[in-house]
Structures are given as C-alpha cells and as structure tokens.
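Work through the exercises below with the sequence and the structure side by side. Each task is followed by a solution in steps.

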Amino acid sequence: KDIRMALRRSMPPQSFQWSADILGVKTDFVITDFGNELFFVLTQNAKIGSMISATASEPKQEDALDMNGLSKGERTYDVQVMFGDRRAEHYRLYARALIELVASRSQKSVLLGIHLKEHS
C-alpha cells in the first residue's frame with residue numbers, strides 16, 4: 001500500500017483539455033488534477049485574468065443536530081479571489097458552482113483561472 005501511495009505522488013498531474021464554441025466565441029477548457037486540488041482554466045483569449053480559490057468544509061460533529069434531532073449542519077464554502085478583478089462576481093459564482101460539484105464527489109479544493117470576453 002505504501003508503494004502505491006509513493007507511486008501516485010511521483011506521477012505527473014493529469015490534465016484534460018478541450019475547446020467549445022460558447023455563443024460564437026471559442027472557449028478553451030483545461031482541468032488538471034494535482035491530487036488534493038483541481039485546477040480549472042476557462043479562457044477565451046489564451047490568458048488567465050483572474051485566479052479564484054474555492055474550498056469546502058464539512059460541518060462540525062457538534063453542529064450536526066439541533067434540539068429537535070433535525071440535521072442542521074451543512075457544508076460551508078469559501079471562495080477567494082487571489083488576483084484579478086474582484087468586482088467580477090460572476091467569476092466567484094463559477095468557482096462556487098465548481099466547488100459544490102467537486103465537493104459532492106471528493107474532498108479536493110478548486111483553483112479557477114478564468115478570462116471570458118463576456119458572461120451570460
């Protein structure tokens with residue numbers, strides 16, 4: 001088991017890349033798995049204009065139940081703009097949607113590099 005873990009750590013990250021036409025604009029997508037983090041790139045000009053970090057936290061055990069026995073502990077999400085336009089709320093929303101999707105399947109964090117000509 002220790003040998004398998006060591007081999008995984010020594011392997012290069014895996015990336016998936018494709019392009020799609022979004023509202024008439026060529027958009028490039030790249031997803032790279034760094035083990036404990038997924039790096040997403042969405043760009044329409046081969047550049048990254050903003051970098052956003054997103055994480056999910058599980059509810060604490062003591063917060064899991066309220067007085068009536070109903071579940072109230074919920075996963076919380078943290079989204080931070082590391083660089084780029086901090087006023088571009090739609091970029092934060094994209095990162096939030098990605099971390100919700102990723103957190104439903106794993107414990108990995110998300111790093112989003114993004115530059116779109118327009119949003120819709």
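## Exercise 1: The first hairpin

The bridge partner of W18 in β2 is F29. The model is a predicted one.

Task: find which residue of β2 is the bridge partner of S19, and how many bridges join β1 to β2.

Solution.
- Step 1. Start from the pair W18 and F29, the latter in β2.
- Step 2. Go to S19, whose bridge partner in β2 is D28.
- Step 3. Count the bridges between β1 and β2 (residues 25–33): there are nine, and the two strands run antiparallel.
- Step 4. Look at the turn. Two residues lie between β1 and β2, which form a hairpin, and L23 in this turn has a positive phi of about 50 degrees.

## Exercise 2: The second hairpin

Task: state which strand β2 forms a hairpin with through a turn that holds G35, and name the bridge partner of I31.

Solution.
- Step 1. The hairpin is made by β2 and β3, with three residues between them.
- Step 2. In that turn, G35 has a positive phi of about 95 degrees.
- Step 3. β2 and β3 run antiparallel and are joined by six bridges.
- Step 4. The bridge partner of I31 is F40, a residue of β3.

## Exercise 3: The whole sheet

Task: write down the order of the strands in the sheet, and say which strands lie at its edges.

Solution.
- Step 1. List the elements of the protein chain: two helices and six strands.
- Step 2. Place them along the sequence, where the pattern reads α-β-β-β-β-β-α-β.
- Step 3. Place the strands in space. The six strands form an open sheet with mixed pairing, in the order β1-β2-β3-β6-β4-β5.
- Step 4. Find the edges: β1 (14–22) and β5 (76–83) each pair on one side only.
- Step 5. Add the twist, which averages 15 degrees from one strand to the next.
- Step 6. Check the pairing of β5. Strand β4 (residues 50–57) is joined to β5 by seven bridges, and the two run antiparallel. A56 has Y77 of β5 as its bridge partner.

## Exercise 4: A helix across the sheet

Task: name the strands that helix α2 lies across, then describe the salt bridges of R92 and E100.

Solution.
- Step 1. Helix α2 (residues 89–103) lies across β3 (37–43), β4, β5 and β6 (109–115).
- Step 2. The helix runs at about 145 degrees to β6.
- Step 3. The side chain of R92 meets that of E89 in a salt bridge with an N to O distance of 3.5 Å. Both residues lie in α2, three residues apart, or about one turn of the helix.
- Step 4. E100 and R96 form a salt bridge at 2.5 Å, N to O. These two also lie in α2, four residues apart, which is again about one turn of the helix.
- Step 5. Read off the accessibility. R92 has 24% relative accessibility and counts as partly exposed, and E89 is partly exposed at 45%. E100 is partly exposed at 35%, as is R96 at 34%.

## Exercise 5: A salt bridge between loop residues

Task: say where E58 and R75 lie, and how many residues apart they are.

Solution.
- Step 1. The total number of salt bridges is six.
- Step 2. One of them joins the side chains of E58 and R75, at 2.9 Å from N to O.
- Step 3. Both E58 and R75 are in the loop between β4 and β5, 17 residues apart.
- Step 4. R75 is partly exposed, with a relative accessible area of 27%.

## Exercise 6: Buried or exposed?

Task: decide whether V81 is buried or exposed, and do the same for I48.

Solution.
- Step 1. V81 is in strand β5.
- Step 2. The relative accessible area of V81 is 9%. The cut-off for buried is under 20%, so a residue with this value is buried.
- Step 3. List the contacts of V81 beyond four places in sequence: M51, I52, R86 and R92. The C-alpha atoms of V81 and I52 are 4.4 Å apart, although 29 residues separate them along the chain.
- Step 4. I48 is in the loop between β3 and β4, and is partly exposed at 35%.
- Step 5. I48 forms a nonpolar surface patch with M82 and F83, with about 270 Å² of accessible area together.
- Step 6. For the chain as a whole, buried residues make up 25% of the 120 residues.

Definitions and conventions:
Residues numbered from 1 in each chain as written. Predicted model: local features only at pLDDT ≥ 70, side-chain atom pairs only at ≥ 80, totals over all residues. Heavy atoms only, no water. Pairing = 2+ DSSP bridges. Axes fitted to C-alpha atoms, helices over the stretch in contact; angles between N-to-C directions. Contact = heavy atoms within 4.5 Å. Patch = residues over 30% accessible without salt bridge, like charges linked within 9 Å, V, L, I, M, F, W, Y side chains within 5 Å. Areas by Shrake-Rupley, 256 points an atom, 1.4 Å probe, with all protein chains shown as cover. Salt bridge = Lys/Arg side-chain N within 4 Å of Asp/Glu carboxyl O. Buried < 20%, exposed > 50% of the residue type's maximum accessible area, 1.4 Å probe, protein only.
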